[in-house]
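Colleague: I'd like to learn how to read a few features off a model. Could you walk me through them one at a time?

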Amino acid sequence: MDYTQLGRTGLKVSRLCLGTMNFGPVTSEEDSFAIMDRAHELGINFFDTANVYGWKKGEGITENILGRWFAKGGGRREKTVIATKLYGDMGDWPNEGRLSALNIRRAAEASLKRMQTDYIDLYQAHHIDRNTPFEEFWEAMDILKQQGKILYVGSSNFAGWHIAKAQETARRRGGLGLVSEQSHYNLIVRAAELEVIPACEDYGLGLIPWSPLAGGLLGGILRKIDKGRSAAEHIVQELEKHRDKIERYEAFCDELGEDPANVGLAWLLHQRAVTAPIIGPRTTEQLDGTVKALEITLDDKALTRLDEIFPGFRTSPEEYAW
């Protein structure tokens, strides 16, 4: 396993981040345990979750699964850099969601209890809260740090200017600020290149791409459908929008002799500011296959071909002007 620093911090994390969103709703607890154990065997030490995962409001199903896995001992918690998120509503009463100081305190305590741990390595805002000033956000996060309940703070789905505001507010307070940003980024969805990635580079944030395979579109979807394997209706609709590009992409992967899913991950690993794409295996077999992406080296010619198939963006303002 390859490791890198998380942004400008001294924290070392694996180049692949294990996403746990399937744990509970799709993957059984027993299979989830097996996947996490296998991840450690492969050297993956970076796991990502969120308080809303499990998709039953207020239950924190996925965090509870992680907690029961940590409780099995064997160094599971100590070997894991655990990242979780808050923002989504965990109840129907006011202040049970978003980023107020009150919810930050309550949400952190609840996540700690569910995951049966006394600290969270990376605590992430799942979305921007336009009603909460960053002064309030940082005061609440700083208190959690002082209490030893969180170590680092990250963001998710922030715009470049949100990152800038967060960092400048933290700087005025004498704090470290954000150390990572979790963004929707893959060969098809490349808007992060406009301003988010430049902001991450300038402020020293590690980029953690979510949906690295565009919901399965970059995972060899054509050959799966050809073999009679079904796909969700919304994925089929997206496929029709991008069919020409996907056909060219899968043909190029065949030229390379590589699985499309692994090429998509390898491309992300070659992009600037990227720390670790989030992978979401449903089985240990899928996890084993995914790790092969770390062995793929894409030369300049291959990267150019992929840019021709899926054009990206120039950094702003050049994309908007001259």
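Modeller: Sure, let's go through helix packing, open and closed spaces, and some backbone details. Keep in mind that this is a predicted model.

Colleague: Helices first. How are H8 and H9 placed relative to each other?

Modeller: The general idea is that two packed helices are described by the angle between their axes and the distance between the axes. Here, H8 covers residues 233-256 and H9 covers residues 260-269. Their axes are 9 Å apart and meet at an angle of about 90°. Angles of 65 to 115 degrees count as roughly perpendicular, so H8 and H9 are roughly perpendicular to each other.

Colleague: Which residues make that contact?

Modeller: From H8 you have Tyr249, Glu250, Cys253 and Leu256, and from H9 there are Pro260, Val263 and Gly264. Sorted by class, the contact of H8 with H9 has 5 nonpolar residues, 1 polar and 1 charged.

Colleague: Staying with H9, is Asn262 buried or exposed?

Modeller: Under 20% relative accessible area means buried. Asn262, which lies in helix H9, has a relative accessible area of 7%, so it is buried.

Colleague: What is Asn262 in contact with, leaving aside its neighbours within four places in sequence?

Modeller: Gly289, Thr290, Lys292, Ala293 and Ile296.

Colleague: On to spaces. How do I tell a pocket from a cavity, and what is the volume of the largest pocket?

Modeller: A pocket is an open set of grid points, whereas in a cavity the probe fits but cannot get out. The largest pocket here has a volume of about 1,400 Å³. Its lining takes in 43 residues, and those nearest the centre are Leu213, Gly215, Gly216, Gly280 and Arg282.

Colleague: Which elements supply at least two residues each to that lining?

Modeller: Helices H7 (221-226), H8, H9 and H10 (284-290) do, and so does strand S10 (278-279). H10 gives the most, with 4 residues. By class, the lining of the largest pocket divides into 17 nonpolar, 18 polar and 8 charged residues.

Colleague: And how many cavities of 30 Å³ or more are there?

Modeller: The structure holds 1. The largest cavity has a volume of about 30 Å³, and the residues lining it are Leu99, Ile128, Asp129, Thr132, Phe134 and Phe137. That lining has 4 nonpolar, 1 polar and 1 charged residues.

Colleague: Now the backbone. Where is there a cis peptide bond?

Modeller: Omega is the angle to read for this one. The cis bond joins Ser316 and Pro317, with omega at about 5°. Pro317 is in the segment after helix H11 (300-309).

Colleague: Which residue has a positive phi of about 50° although it is not a glycine?

Modeller: For this one, read phi together with the residue type. The residue is Gln116, found in the loop between helix H3 (101-114) and strand S6 (120-125). Its relative accessibility is 48%, so Gln116 counts as partly exposed.

Colleague: Which residue other than glycine has phi near 75°?

Modeller: That's Ala273, again with a positive value. Ala273 sits in the loop between H9 and S10. With a relative accessible area of 24%, Ala273 is partly exposed too.

Terms used
Residues are numbered from 1 along each chain as its sequence is written. This is a predicted model: local features need pLDDT of at least 70, side-chain atom pairs count only at pLDDT 80 or more; totals for chains, interfaces and linings use all residues. Side-chain values use heavy atoms; hydrogens and water are left out. Axes are lines fitted to C-alpha atoms, for helices over the stretch in contact, and angles run from 0 to 180 degrees between N-to-C directions. Angles under 35 degrees count as roughly parallel, over 145 as roughly antiparallel, 65 to 115 as roughly perpendicular and the rest as oblique. Contact means heavy atoms within 4.5 Å. Ala, Val, Leu, Ile, Met, Phe, Trp, Tyr, Cys and Pro count as nonpolar, Asp, Glu, Lys and Arg as charged, and the others, Gly among them, as polar. On a 1 Å grid over the protein atoms alone, a cavity is a set of points where a 1.4 Å probe fits but cannot get out, and a pocket is an open set with protein on both sides within 12 Å along at least five of seven lines; lining residues have an atom within 4 Å of a point. Grid points are joined across faces, edges and corners, and a volume is the space filled by probe spheres set on the points. Buried means under 20% relative accessible area, exposed over 50%, partly exposed in between (1.4 Å probe, protein chains only).
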